[in-house]
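Biologist: I should like to look closely at a single part of this protein, namely its largest pocket. Which elements and residues form the lining of the largest pocket, and how do they relate to the rest of the chain?

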Amino acid sequence: MTLRFFRPLLAALALVSTLRAQEPPPTVIECAGPSETVATDTETIATFRDKVVVTGNNIRVTCDFLKVVASRKGDPKATIGKFGYFKSLVATGHVTITQGDREATCGQAEIFPGEERVVLSRLSKSDPFPSVRSTDDQYTATGPRMILYRGERRAVIEPEDGVGGQITLPPIKDLGFSKEKPAEIPAPPKQP
């Protein structure tokens, strides 16, 4: 056999491996406590307890309890149905979400992949406000309830009981007058 015969086969294998490399990694959920899955004809609900860790496509979530709701596909009579798309992930208790160069902490995070939004809130009024910060500490945002919109570079901080959000940014350049040179005060305009 000649190399000419193998070239199309090698090209096809290279294309398949390139396409596989572009597929997002699977979502992996681990926990130290019990986990349970309950399925209906249309969706699958899974819960995970104690030291829950979710790793997925450029995201890591840790929490005490996680409830996942996914659409169900395949045979509705099957005991264990196939997962479709994620409808929601609700993480509660000591939640930390790390994605890229951002980290969020809160009491509860509701993740809606289909709506491309994340809602961060407290479990009780005695809990600290949710916060989002850059891992290089260039900015921090805190507030009673935060809604983060994927792909829009938009975050909304909703007030609660008259308390709004707080955003900490890098220092603004000094826009004041120089200390070495006295300020020049312009002369008043002449009256005609």
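Modeller: A definition is needed before the lining can be described: strands are DSSP runs of E with at least two residues, numbered from the N terminus. The model is a predicted one. With that in place, β3, β4, β5, β6, β7, β10 and β11 each give at least two residues to the lining of the largest pocket. The largest share, five residues, is supplied by β6.

The pocket itself holds about 1,300 Å³ of space. It is lined by 38 residues, and those closest to its centre are Ile 59, Gln 99, Arg 102, Val 118 and Arg 150. By character, the lining divides into 25 nonpolar residues, six polar ones and seven charged ones.

The strands of the lining may now be placed in the chain, which has one helix and 12 strands. The helix comes at the start, and the strands follow it. Strand β3 pairs with several others. Three bridges link it to β1 (residues 28-30) in the antiparallel sense, with Glu 30 opposite Val 53. Five bridges join β3 to β2 (residues 35-39), again antiparallel; Ala 39 has Thr 44 of β3 as its bridge partner, and three residues lie between β2 and β3 in their hairpin. Between β3 and β4 there are 12 bridges, and these strands also run antiparallel. One of the paired positions is Arg 49, whose partner in β4 is Phe 65. The hairpin of β3 and β4 has two residues between the strands, and Asn 58 there takes a positive phi near 60°.

Two further strands of the lining, β10 (residues 145-149) and β11 (residues 154-158), are antiparallel and joined by five bridges. Leu 148 stands opposite Ala 155 of β11. Four residues separate β10 from β11 in a hairpin, where Gly 151 has a positive phi of about 80°.

Several strands of the lining also serve the largest nonpolar core. This core has 21 residues, and Val 61, Leu 66, Val 95, Ile 97 and Leu 120 have the most contacts inside it. The elements that give it two or more residues are β3 (43-56), β4 (59-73), β5 (82-99), β6 (102-112) and β7 (117-121). Ile 97 touches, among others, Ile 59, Arg 102 and Val 118, and these three are among the residues closest to the centre of the pocket. Ile 97 therefore links the core to the pocket lining in the sense of contact, heavy atoms within 4.5 Å.

Technical notes. Residues numbered from 1 in each chain as written. Predicted model: local features only at pLDDT ≥ 70, side-chain atom pairs only at ≥ 80, totals over all residues. Heavy atoms only, no water. Pairing = 2+ DSSP bridges. Core = buried A, V, L, I, M, F, W, Y, C linked by side-chain atoms within 4.5 Å. Buried < 20%, exposed > 50% of the residue type's maximum accessible area, 1.4 Å probe, protein only. 1 Å grid on protein atoms, 1.4 Å probe; cavity = no way out; pocket = protein on both sides within 12 Å on 5 of 7 lines; lining within 4 Å. Points joined across faces, edges and corners; volume = space filled by probe spheres on them. Nonpolar A, V, L, I, M, F, W, Y, C, P; charged D, E, K, R; others polar. Lists of a residue's contacts leave out its neighbours within four places in sequence.
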